[in-house]
Amino acid sequence: MPVLATVLGHPRIGIARELKKALEAYWSGATPAESLLATAQEIRTRHWSMMKQAGLDQIPCNDFSLYDHMLDMAVTVGGIPARFEKIANPLNRYFAMARGVQDRGAGIDLSPLEMTKWFDTNYHYIVPELRPDQTFVLDPTKIIAELAEAQALGMAPRPVLPGPVTFLKLSKYAEDVEGVDTLELLPRLLPVYEELLALLAGHGVTSVQLDEPCLCFDLDPASTQAYRTALTRLAGTAKRPALLVATYFGSIGDNLALVTESGCEALHLDLVRAPSDLDSVLAALPAGMKLSLGIIDGRNIWRADLEQAHRMVRRAVATLGAERVMIATSCSLLHVPVDLDAETRLDAELKNWMAFAAQKVAEVCLLADAAEQEEPQGAPFEQASAALARRRAAAAADNPAVRHRAGQVTEAMSRRSAPFAERSAKQKRRFDLPLLPTTTIGSFPQSREVREARSRWRSGALDSEGYQDFMRTEIGRCIEKQENLGLDVLVHGEFERTDMVEYFGEQLDGFAFTQNGWVQSYGSRCVKPPVLYGDVARPRPMTVEWSTFAQSLSKRPVKGMLTGPVTILQWSFVRNDQPRSETCRQIALALRDEVADLEQAGIAMIQVDEPAIREGLPLRRRDWPEYLAWAVAAFCLSTAGVSDETQIHTHMCYSEFGDILPSIVAMDADVLSIESSRSRMELLSHFRLHGYPNDVGPGIYDIHSPRVPTVEEMTTLLELAAEVLPAERLWVNPDCGLKTRGWPEIEASLGNMVQAAREIRRRL
Ligand code: GLN
Ligand code: ZN
């Protein structure tokens, strides 16, 4: 038996985002369900055929989803919260769980399930909502239908399922119930998995992929026990397909025995994230167990180093024999765009360094075909080596000045010149703000006119002068509205930005942009991450003109607004030929210059947003300190060059800092604004616990909903905040930017917010 080639999953959205368009057309009522389902089937058929033609031996199925794979699994096991049961149509019920339904006329208002980030990616999954008395009932409709579809095309696909432990660990209990740990439900859930496995076997399935990325976490004893129980129990199912336990996004490390002792047939490792797992696993794999080598990076867009990958394959083949080795992508290809061939405008050299899903499938096949050759031969290997050599040469010659400067960074550059107390006193004198100053997070509504003006300017239909005029008018209107609302610290509104990372990437050297490089973020939402391929430099100021213009319109301070280095790194595809910390430092230096230019131009408050700091945390805790150290250092490097009188703000879109609060403290921003209107108590207790030392603006207005919060609601929240933090260190602001909202509701909400602040000032 030769070495088998496979992937853990394929992107779903389609090369031209067909799924997005079909979903949105269906949701808006423009098309019937049949059209949506037909499009979905076309996408699946196309992807299966592509994978088969490329030569994959095992093709995944059930990796497709109309919205999300965790939501699919919730439906498959009957985990449907009671409030949705009255929706009879399964498709509408499914979308209601994902997006909620609101029909004020009919008195229907169902809030959707929560959504949260999938491990350390920018993909968001739907969090299954369970109850301690949950019963599970198998509904295999989707899995069986997709299986039958693939079988009708002559394939023998491998269904992909979130494994039972990962499923439960990523689920939560409904808010209104008492329950300790969703893992308690395992004994009730396992029979449904067993039933499903038997059913699949009955349908001719020979292999199933159980995704258990939680095996890459540090597990507490309860989770360890849950894994032991679940995997042995499923392996003991009488009539079942072979089980491939897939781990990814980190090292399986000390959890290895949970799989090797389970009786499952195969284990998948992420050898891109944890290359050193190969040798330890090869030494410990029980006789007969197969190993799937995740050596093609499913998280990034670079062409693989095929020679190096081949050497790993050879080590595995030498130890296990070809029949026990599989070649695969490190994780599902969900996290990369579909096909590089669709890029017609990328620089040819850069394009030659890259690989999207289609190219990665081909790399997997190549490695599998060459697995039994001592030295891989043939044009594809030679081309890959040549591309890599050219990429290395280009990197070496890229920007010596940037590298030199990065090499000269000292620790002192990441430290403000005085401690917070001293800075704060000087800033108070400079700004003379009232107690509980009011402000916003940065963006104001991006109306259709704003988006149109930007795209007409990009396409050349609007000249630069016309564009400048348009934007200046928008900024002027925005400043005027903020003044009328009575806000103390203003912003320019960010109308010139399509996206907070893209805007900076486009102005920095070292970034490139794709035309079709879409990656699913959640449901129908996609992002097109910039490609950070080279040394990062800032040829000219990026925001100074807009900021100084905005400041010229008001006597009140207008904050300069930048995206932080960690967030730019985290939301781009970044080079893999140097440590991420190094790349982050280069971005930080470019931002440091922007901060200096803003300060020089008279901007007295500068906000550097870092909403992605927490999402970059590695899965294993032992890797946290290193990550946090360089991430915090990068933020500080970008901000610490200013004088004591210049006020640095930062913003994060969450409030559960938990164990990383010391790192947030170390960022030493003068003012930190966070999201907190939903989880206020929790947040504030954290802050008290750790004695957060600088100024804080806990969001008191939930911007994720069009609801206008009342003055009373917000005064209550402010009073709560004032109980744990001295009022002198409190700011008043919404949870996040207002880009996606409408002006009427914002004016009402911000008006109430300002009134709430005034009310509390009177009371204190
Ligand atoms: N300044 C950005 C805005 O207001 C911050 C966005 C974010 O936190 N994700 O839109
Ligand atoms: Zn935010």
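**Annotated sites and selected elements of the predicted model**

Asp609 is placed in strand E21, which covers residues 605-609, in a model that is predicted. Asp609 counts as buried because 22 C-beta neighbours lie inside 10 Å, the cut-off for a buried residue being 20 or more. Leaving aside residues up to four places away in sequence, the contacts of Asp609 are with Met500, Thr563, Gly564, Thr567, Thr650 and His651.

Asp609 is also one of the positions that UniProt lists, in an unreviewed entry, under "binding site", together with Ile441, Gly442, Ser443 and Glu494. Although these positions span 169 residues in sequence, no two of their C-alpha atoms are more than 12.8 Å apart, so they gather at one spot. Glu494, another of the listed positions, is found in the loop between helix H18 (464-485) and helix H19 (502-505). Glu494 has 23 C-beta neighbours inside 10 Å and therefore counts as buried. With residues up to four places away in sequence set aside, Glu494 touches Gly442, Ser443 and Met561; of these contacts, Gly442 and Ser443 are themselves listed by UniProt under "binding site".

The "active site" annotation, likewise taken from an unreviewed UniProt entry, names His704. This residue lies in the loop between strand E24 (695-698) and helix H26, and His704 is partly exposed, with 13 other C-beta atoms within 10 Å.

Helix H26, which follows that loop, comprises residues 711-724, and its 14 residues reach 21 Å from the first C-alpha to the last, close to the 20 Å expected at 1.5 Å a residue. Its buried residues are Met714, Leu717, Leu718 and Ala721. These residues cover an arc of only 100° around the axis, which means that they are on the same side of H26. Such an arrangement can be read against the general geometry of helices: an α-helix has 3.6 residues a turn, so residues three or four places apart point the same way. On the other side of H26, Glu712 and Glu723 are exposed.

A further region of interest is built around strand E10, residues 207-211, which is mostly covered, in that four of its five residues are buried. Strand E10 is joined by three bridges to strand E8 (residues 158-162), and the two run parallel; within this pairing, Val160 stands opposite Gln209 in E10. Strand E10 also pairs with strand E11 (residues 242-246), again in the parallel sense, over five bridges, and here Ser207 stands opposite Ala242 in E11. The connection from E10 to E11 involves helix H8 (residues 221-235), and the three elements make a right-handed β-α-β unit.

Finally, Leu433 is located in the loop between helix H16 (420-431) and helix H17 (448-458). Leu433 counts as partly exposed, because 17 C-beta neighbours lie inside 10 Å. Leu433 and Pro557 are separated by 124 residues in sequence, while the distance between them in space is 9.7 Å, C-alpha to C-alpha.

Conventions:
Residues numbered from 1 in each chain as written. Chains lettered and ligands numbered in written order. Predicted model: local features only at pLDDT ≥ 70, side-chain atom pairs only at ≥ 80, totals over all residues. UniProt positions renumbered as here; feature names shortened; annotations may be inferred. Buried ≥ 20, exposed ≤ 12 C-beta atoms within 10 Å, placed from the backbone. Contact = placed C-beta atoms within 7 Å. Pairing = 2+ DSSP bridges. Right-handed = clockwise from strand over helix to strand, strands pointing away. Expected span 1.5 Å × (residues − 1). Arc of directions from axis to C-beta.
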